[in-house]
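Thanks for sharing this one. Here are a few notes to read alongside the model, in numbered points.

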Amino acid sequence: MIDALIPIVLSIVKALFIPLDFALGWVTVFGLIGALIVVGALTGLAVNLFQKYCSDQQQLGRRRADIEKLKQLSREAKQANDTEKVARLSSLTSQISSKYALESMKPALFSVPPMCILAMWVGARLSFEPVRPGDVIEVVASFEDGASGFTHVVPSDGLVPEGPAIVPIGIQKSTSGEALNAMQAQWKICAKKEGSHALTIRHGDERYSIPVPIFAKGGRAPEQVTDVNSQSPTRDQLLKVELKLREPVPAAWWNMRMPSMGIYLIAAILFSLALRRIMGIQ
């Protein structure tokens, strides 16, 4: 059941990416890191707008004031060793705090779904550097376990193989020398000139075209992984093509080991906290 729903959900998410492409595609003029910071700032603004206009800020303000007053009275009661009054005040504080927390969390019910879609868009569109003229891209084609023989890329004026265009399909090795449990073919492709190009892979009688736009400046990265077939009865088809693209920064402690998403999340959190104070949100 779940496996059947996954393609449907992914199709819906990709459809929602289209309006986001129109609304936020302009951020690439700032470069990839700048774009991540700008979208993070917009996310922080959106979260605070949800909080401000999807909750009763006046009521939240009164409850916060009540909680602060009760805390003050509780401190005074403790100094006077009035344990009964401390207990009553603590109980009342707990009740008001619970209502305050529930009221302030309501906007999250509205903001979490669109924020998740936005984060997925960032992961899909801003996680890798655009392809520039002169870049060399590693291409990995993954096949079903029954595939064999050879496959090749068709050279074009914009995308030219560095090394053999025709390569065998087989079990490849990782960078550490360990065999990967997958039937694959690998190439290195040089991006020659700016424009909307397509990487064409031929396997048997089939040809598969993978869009690879090349930008001298600005632009966005192509899809990192393109699915071209589902499982077949013959178990010998090309399943997907992966482009090994550059990430903007290496994974490190400060970006939570998430190069692009780490920058985005840090920017979103910092701007959200700063705007919360500026906008006077309870």
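1. Let me begin with α5, which has 20 residues. In this predicted model, α5 reaches 29 Å from its first C-alpha to its last, close to the 28 Å expected at 1.5 Å a residue. Just past the helix, α5 is followed by Gly280, and the phi of Gly280 is positive, near 65°.

2. The buried residues of α5 are worth a look on your screen. They are Pro259, Ser260, Met261, Gly262, Ile263, Tyr264, Ala267, Ala268, Ser272 and Leu275. The cover over these buried residues of α5 includes α2 and α4.

3. That brings us to α2 (31–53). Its 23 residues should span 33 Å at 1.5 Å a residue, and the end C-alpha atoms of α2 are 32 Å apart, so the two values agree.

4. Which residues of α2 are buried? They are Leu32, Ala35, Leu36, Val39, Gly40, Ala41, Thr43, Gly44, Asn48 and Gln51. What covers them includes α3 (57–79), α4 (83–125) and α5 (259–278). You will notice that α2 and α5 appear in each other's cover.

5. The loop between α1 (2–24) and α2 holds Val29, and Thr28 is placed in that loop too. Is each of them buried or exposed? Thr28 has a relative accessible area of 17%, under the 20% cut-off, and is therefore buried. Val29 has 65% relative accessibility, over the 50% cut-off, so Val29 counts as exposed.

6. What does Thr28 touch, leaving aside its neighbours within four places in sequence? Thr28 is in contact with Ala35, Leu126, Gly218, Gly219 and Arg220. Of these partners, Ala35 is one of the buried residues of α2.

7. Val29 also belongs to a nonpolar patch on the surface, formed with Trp26, Phe30, Leu42, Leu45, Leu49 and Tyr53. Together the patch residues have about 720 Å² of accessible area. I would colour this patch in your figure of the loop and α2.

8. Finally, please look at Thr93 in helix α4. Thr93 has 13% relative accessibility, so this residue counts as buried. A polar atom of the Thr93 side chain lies 2.7 Å from the backbone oxygen of Leu89. Leaving aside neighbours within four places in sequence, Thr93 is in contact with Ile67 and Leu70.

How values were computed
Residues numbered from 1 in each chain as written. Predicted model: local features only at pLDDT ≥ 70, side-chain atom pairs only at ≥ 80, totals over all residues. Heavy atoms only, no water. Patch = residues over 30% accessible without salt bridge, like charges linked within 9 Å, V, L, I, M, F, W, Y side chains within 5 Å. Areas by Shrake-Rupley, 256 points an atom, 1.4 Å probe, with all protein chains shown as cover. Salt bridge = Lys/Arg side-chain N within 4 Å of Asp/Glu carboxyl O. Helix = DSSP H or I, 4+ residues; strand = E, 2+ residues; numbered from the N terminus. Buried < 20%, exposed > 50% of the residue type's maximum accessible area, 1.4 Å probe, protein only. Expected span 1.5 Å × (residues − 1). Contact = heavy atoms within 4.5 Å. Polar contact = N/O pair within 3.5 Å; in protein donor to acceptor, adjacent residues only side chain to side chain.
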